Amino acid sequence: MNGRRDTEVRGRLPRVWGAREDEVRREYPCDGLLTGPTEEWFRAVSVAADRATVHRWLCQLKVAPYSYDLLDNAGRRSPRRLTPGADQLAVGQRVMAIFRLVDFAPDGHLTLMLDDPKGQRLFGDFAVTYAVTDDAPATTRLVAKLVVGGEDGALRRLRRPLLAWGDLLVMRRQLLTLRKLAEGR
């Protein structure tokens, strides 16, 4: 890091990808949702679209995961058009099948908790905030902060790096797909 707060954080893969130093230091609604030992992971992209458009595409996560459809959407293609009503949010709604919406702000963020028992056995405890913020004229930052908890000790030390790399691959694809769709490409 070169000391500038707005520069991208480098050299911290797989826990940080695309996020800027100020984004890593910022507080998010997912902070404090998990107890016990936790790690924080960040993924971020810039999107050439206004915040409302990016947030509207983010709401599509209620419909599909927008990453590797063969792997995490039973082979069904995530919709390439906005689904009517997907932007009607309410706490408790299912998101990407294994998450529950626990907080949101219109054109601001979606905060989710992994609450599916099978998902928790596979991945441990996860809380995530997808935040959209203005970056420059007609440009939005889409930042995902994950708080990862669960097991402690030797199992965690072995499993967390693998989970971090796997999550990076999936969330990178997800954020790049959402960016492409929000930009109308």
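Reader: How much area does the chain expose, and what share of it do carbon and sulfur atoms supply?

Author: Accessible area here comes from the Shrake-Rupley method with a 1.4 Å probe, and for residues only the protein chains shown count as cover. The chain exposes about 9,500 Å², and 53% of that is supplied by carbon and sulfur atoms. The model is predicted, so local features need pLDDT of at least 70 and side-chain atom pairs count only at pLDDT 80 or more, while totals for chains, interfaces and linings use all residues. Residues are numbered from 1 along each chain as its sequence is written, and side-chain values use heavy atoms, with hydrogens and water left out.

Reader: What secondary structure does the chain have, and in which pattern?

Author: Helices (H or I, at least four residues) and strands (E, at least two) are DSSP runs, numbered from the N terminus. The chain has 5 helices and 7 strands, and along the sequence they follow β-α-β-α-α-β-β-β-α-β-β-α. The radius of gyration, taken over C-alpha atoms, is compared with a globule rule of 2.2 Å times the number of residues to the power 0.38. For this chain of 185 residues the radius is 16 Å, close to the 16 Å that the rule gives, so the chain is as compact as a globular protein of that length. Its C-alpha trace spans about 45 × 40 × 30 Å along the principal axes.

Reader: What percentage of the residues count as buried?

Author: Buried means under 20% relative accessible area, exposed over 50%, and partly exposed in between (1.4 Å probe, protein chains only). Of the 185 residues, 45% count as buried. In helix 2, the buried residues are V54, H55, R56, W57 and L58.

Reader: Is R51 of helix 2 buried or partly exposed?

Author: R51 lies in helix 2 and is partly exposed because its relative accessibility is 30%. A contact means heavy atoms within 4.5 Å. Beyond its neighbours within four places in sequence, R51 is in contact with D107, V132, T133, D134 and T140. R51 is also 90 residues from R141 in sequence, with the two C-alpha atoms 8.2 Å apart.

Reader: Which side chain forms a polar contact with that of R51?

Author: A polar contact is a pair of N or O atoms within 3.5 Å; within protein, one must be able to donate a hydrogen and the other to accept it, and residues adjacent in sequence count only if both atoms are side-chain atoms. The side chains of R51 and D134 are joined by such a contact of 3.4 Å. The R51 side chain also reaches the backbone oxygen of D107 at 2.8 Å. At the N-terminal end of helix 2, D50 acts as a cap, with a side-chain oxygen 3.1 Å from the backbone nitrogen of A52.

Reader: Where does S67 lie, and is it buried or exposed?

Author: S67 is in the loop between helix 2 (51–58) and helix 3 (69–72). It counts as buried because its relative accessibility is 5%. Apart from neighbours within four places in sequence, S67 is in contact with D72, V170, R173 and Q174.

Reader: What is the sign of phi in M96 and A138?

Author: M96 has a positive phi of about 50° although it is not a glycine. A138, also a residue other than glycine, has a positive phi near 60°. M96 sits in the loop between strand 3 (94–95) and strand 4 (99–105) and is buried, because its relative accessibility is 17%. A138 is in the loop between strand 6 (125–136) and strand 7 (139–149) and is exposed, because its relative accessible area is 58%.
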